[in-house]
Amino acid sequence: MRRGAQQYVVARPLYSEESFAEDHETVYRHRKTMLDHIKQYFTCDARRAKNTALSLLPVIAWMKIYRIKEWLLSDIVSGISTGLVAVLQGLAYCLLASLPPWYGLFSAFFPVVLYFFLGTSRHISVGPFPVLCLMIGSVVTRLVPDEGLPHNITGFEGLTRDEQRVLVASSVTFLAGIMQLAMGILQVGFVVMYLSDTLVSGFTTAAAVHILVSQLKFVLGLTVPGLSGPLALIYTLEIIFNKITSTNVCDVVISLTIMVVVFVVKELNDRFKSKLPVPIPIEVIMTVIACGVSYAFDFKTRYGIDVVGYIPKGYEPPMAPNLHIFQETAVEAFPMAIVGFAVAFSVAKVYSVKHDYTIDGNQELIAFGASNIFGASFKSFAASTALSRSAVQESTGGKTQVAGLLSAIIVMIVTLAIGFLLEPLPKSVLGAVVIVNLKGMLMQFRDVPYLWRRDKPDCVVWLGTCIAAILLGLDLGLAAGLGVELISVVLRAQFPRCSVLANINGTDIYKDRKDYVDIYEPEGVKIFRIPSPIFFANIEFFRSKLVEAVGFNPLRVLRKRNKALRRIRKLLKKGDLQWTSKGFLNTSCGPIKESEDESNMEELDLPTDFKDLPTRIDWSAELPANIIVPRVDVHSLVLDFAAVSFLDISALKGLKTMLKELIRVEVEVYIVACDPYILEKLHDCCFFDDEVQPSMFFLTLHDAMLYIHEKHPGSTEKKSDFEKIITTVTVHQPGGSLRSRDRHAPYPETKF
């Protein structure tokens with residue numbers, strides 16, 4: 001290829017897989033057995049021990065490169081800003097978990113401290129996440145309902161309702177942490193890949209709807225019992241509408257004021273973020289103002305609004321989880337572990353790409369698992385990352401998790417010293433802050449029209465996940481969404497878009513014949529492309545599409561031919577049919593009646609046998625005694641396996657049966673661009689025999705077509721002139737040098 005040239009000329013021999021293997025020696029590679037992998041996994045030396053220690057404590061790696069002069073000030077500013085937001089969100093999101101507000105401060109402190117040492121992301125802000133809080137709240141209200149007796153749980157004796165709820169939340173968090181830690185140790189961080197962006201978008205949108213409904217009782221100042229289970233959202237809305245006349249007007253006014261002001265300032269922050277040194281912490285400002293106004297005018301006494309109330313100073317002693325609660329909440333804990341990790345990993349991946357560093361999914365599982373176990377021991381609930389809080393940490397200049405540690409220190413100061421200042425804060429303010437922060441998740445509804453236009457199966461996954469999560473609850477909705485997603489993947493693989501290819505005139509390129517005008521299809525040749533793996537679920541679909549492409553059913557044709565041969569033998573034996581130099585001669589006086597012999601039907605599937613006949617039957621010519629057999633106009637079939645990534649045993653059997661049926665009706669089959677590992681598997685599974693042979697495999701589609709052209713020159717000629725495809729055997733390199741297996745032995749030019 002010359003520099004700037006728009007054409008290239010390739011000169012090489014025509015290769016089948018066998019001839020290519022003969023001419024080119026392969027490199028022997030030792031394949032590791034399962035035992036080798038196990039030995040390697042448990043082998044330990046000084047270097048591996050060091051690498052393991054560094055991978056388990058990523059803080060060591062990035063602290064070595066920490067630039068104190070350049071990064072420390074940015075981390076301090078970011079840590080203070082994030083800490084103020086974390087305090088407010090900790091109090092607000094705790095309401096979603098149906099727990100006393102100050103326990104949200106625990107969740108904004110303990111997990112952050114441990115993640116500082118174990119996490120690989122430098123920019124996410126660890127702490128309460130509204131979706132997880134809502135999932136915990138559904139478990140809490142199921143075991144300890146607002147009205148009625150709690151479940152009969154060992155360890156509930158002598159505890160108040162709030163203490164029982166804290167025990168449930170910390171125990172289910174501990175169990176979710178154990179699951180995350182186990183998955184990280186077992187190196188199964190890939191499970192999050194099964195949660196597609198579409199599924200996560202639909203799930204978080206449904207969670208936003210649940211959160212919105214759950215906060216209405218605080219915004220309206222109503223007393224609504226917490227419900228869980230299928231249709232809980234519908235029942236909650238029913239209760240709210242029944243009590244709507246009891247709305248506290250003061251709560252509504254406060255909430256609307258907070259929402260409008262926070263929403264407007266957040267929009268200004270987004271619009272002028274390039275000009276603002278740090279985003280305006282409007283949530284914190286409005287919270288401080290609301291808290292001061294509530295205290296000055298005594299809103300609790302004068303207007304009967306619900307406030308945060310007493311916030312104890314300091315931290316409570318550690319507490320062991322309840323094993324009985326483990327048994328009751330195991331089903332809910334697993335989706336919490338998956339969702340918490342999936343959201344945090346997705347956000348961490350975005351920031352790692354933006355700032356050019358790597359994160360480890362398995363280490364993130366270990367970090368979040370250990371953080372949740374550690375936090376649950378001190379009565380915090382499940383932690384992940386809130387998108388808005390992580391955005392604050394990154395946008396205010398945070399460079400490392402030093403900013404996260406400083407935000408935890410801010411939370412600790414509030415918990416130990418100044419928490420009492422938040423006691424007059426109306427809960428409607430927290431509810432309004434939560435609702436305003438739902439904007440990003442609720443705006444995901446705009447994805448639906450886009451998905452419907454671009455990818456309808458993905459749109460079905462989004463809608464199925466969202467609707468199921470809204471109606472059935474978040475845990476069952478996630479399971480239903482996964483089911484819909486897996487069904488969509490299976491259906492796409494089970495019913496792929498197979499196509500018949502044709503040659504683009506003047507090139508060695510083959511495309512779907514329905515898409516192009518200037519194409520060439522040699523007579524008697526079909527090129528069939530399979531764009532997916534072939535396995536037990538789609539082998540019959542593959543067969544039906546292949547039959548549709550070639551225009552006949554090979555098994556039916558084979559049986560018709562064998563029936564015709566059986567009848568010709570009977571007529572020859574009776575003397576009604578004789579062989580002459582001009583062909584078969586009907587010697588019967590009257591018409592020969594067709595007799596249907598159903599005996600030995602299995603023999604009809606065997607290859608046609610001409611040994612008792614005076615000549616070989618030409619199936620394309622007219623047959624004697626008015627015998628009619630379906631005509632086969634295809635002499636060569638090329639199967640393009642370029643997109644076939646694997647074959648299972650069922651597919652191997654089905655493929656071999658199809659190939660034999662085609663070969664037995666005198667159709668030559670060629671398989672091209674087959675993956676070497678599939679070819680190796682075919683040999684290992686004894687796929688080849690006297691009929692199905694390795695010689696049918698060719699290196700490329702054009703190699704097979706040239707071979708067919710040489711073998712059937714008459715059938716591939718075109719009546720009118722057409723552009724010729726030149727395939728010679730030289731390769732021109734940019735430097736002008738000639739690369740060839742033998743420069744002094746030029747290969748003949750093949751024209752097609």
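Here are four short exercises with worked solutions on side-chain contacts in this predicted model.

**Exercise 1. A serine in a helix**

Find the helix that holds S488, decide whether S488 is buried or exposed, and find which backbone oxygen its side chain reaches.

*Solution.*
- Start with the location: S488 belongs to helix α23, which covers residues 474-494.
- Next, take the accessibility. Buried means under 20% relative accessible area; S488 has 12%, so S488 counts as buried.
- Finally, follow the side chain: from S488 it reaches the backbone oxygen of E485, at 2.6 Å.

**Exercise 2. A salt bridge between two helices**

Work out which helices R543 and E661 come from, and whether each residue is buried or exposed.

*Solution.*
- Begin with the contact itself: the side chains of R543 and E661 form a salt bridge, with an N to O distance of 2.8 Å.
- Now place the partners. R543 sits in helix α24 (residues 539-550) and E661 in helix α26 (residues 649-664), so the pair, 118 residues apart, links distant parts of the chain.
- Then check accessibility against the 20% limit for buried residues. R543 has a relative accessible area of 18% and is buried; E661, with 8%, is buried too.

**Exercise 3. A salt bridge inside one helix**

Determine how E548 and K545 are placed in helix α24, and how accessible each one is.

*Solution.*
- The contact comes from the side chains of E548 and K545, which meet in a salt bridge at 3.8 Å, N to O. That falls within the 4 Å cut-off for a salt bridge.
- For the placement, count along the helix: E548 and K545 are three residues apart in α24, so about one helical turn separates them.
- For the accessibility, E548 has 59% and counts as exposed, while K545 has 27% and is partly exposed.

**Exercise 4. A salt bridge between loops**

Locate E666 and R616, and say what their salt bridge ties together.

*Solution.*
- First, the distance: the closest N and O atoms of the E666 and R616 salt bridge are 3.3 Å apart.
- Second, the location: E666 lies in the loop between α26 and β10 (668-672), and R616 in the loop between β8 (583-586) and β9 (636-640). The pair therefore ties together parts that are 50 residues apart in sequence.
- Third, the accessibility: E666, at 37%, is partly exposed, and R616, at 56%, is exposed.
- To round off, look at the wider set: the structure holds 22 salt bridges. Salt bridges with shared partners also join D146, R161 and R165 into one network.

Technical notes:
Residues numbered from 1 in each chain as written. Predicted model: local features only at pLDDT ≥ 70, side-chain atom pairs only at ≥ 80, totals over all residues. Heavy atoms only, no water. Helix = DSSP H or I, 4+ residues; strand = E, 2+ residues; numbered from the N terminus. Buried < 20%, exposed > 50% of the residue type's maximum accessible area, 1.4 Å probe, protein only. Polar contact = N/O pair within 3.5 Å; in protein donor to acceptor, adjacent residues only side chain to side chain.
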